[in-house]
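Me: I would like a close look at a single part of this model, with the cut-offs behind each term spelled out. Please take one strand and its surroundings, and keep the description connected.

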Amino acid sequence: MIERPDDGCGRCLLGVRRLSRMKLATTSPERQRADVLAVAASVGGHVVGWADDWEVSGATDPMTRPKLGPWLRDERGPYDGLVAAAVDRLGRSDVESTASTPAT
């Protein structure tokens, strides 16, 4: 079973999905779900929960996102890693914006 509760196996994964704009006709949530489940299965893991943030910009700090934030702040339960359909579903990278800033 690819979706089941945390069992301490070390491969208990949180599925993360995000859309900036939710439209009636979009199939992206289903595509993202299929991608997440495929990746979890490919590493022998399973999904213990979902952090589905709809109508949330990629610029939003992941710690403050309505659904993902509580997981990251250890308010929701144990998990061993995050799985998303693409890196941009997690958020925008601050590393890119600071990489060009000279070190002091």
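Reply: What follows is a description of one strand, its partners and a neighbouring side chain. The model is predicted, so local features need pLDDT of at least 70 and side-chain atom pairs count only at pLDDT 80 or more, while totals for chains, interfaces and linings use all residues. Residues are numbered from 1 along each chain as its sequence is written, and side-chain values use heavy atoms, with hydrogens and water left out.

Strand β1 covers residues 12-19, where strands (E, at least two residues) are DSSP runs numbered from the N terminus, as are helices (H or I, at least four). Because 8 of its 8 residues are buried, β1 is largely enclosed by the rest of the structure; buried means under 20% relative accessible area, exposed over 50%, and partly exposed in between, for a 1.4 Å probe and protein chains only. In a regular strand the side chains alternate between the two faces of the sheet. Here Cys12, Leu14, Val16 and Arg18 point one way, whereas Leu13, Gly15, Arg17 and Leu19 point the other way.

Two strands pair if DSSP finds at least two bridges between them. β1 pairs in the parallel sense with β2 (residues 46-54) over 8 bridges, with Cys12 opposite His46, and also in the parallel sense with β3 (residues 81-84) over 4 bridges, where Gly81 is the bridge partner of Leu13.

Arg65, in the loop between β2 and α2 (68-72), is buried at a relative accessible area of 1%. Leaving aside residues up to four places away in sequence, Arg65 touches several residues, including Val16, Arg17 and Arg18 of β1, contact meaning heavy atoms within 4.5 Å. The Arg65 side chain also reaches the backbone oxygen of Arg89 at 3.1 Å.

Terms used
A polar contact is a pair of N or O atoms within 3.5 Å; within protein, one must be able to donate a hydrogen and the other to accept it, and residues adjacent in sequence count only if both atoms are side-chain atoms.
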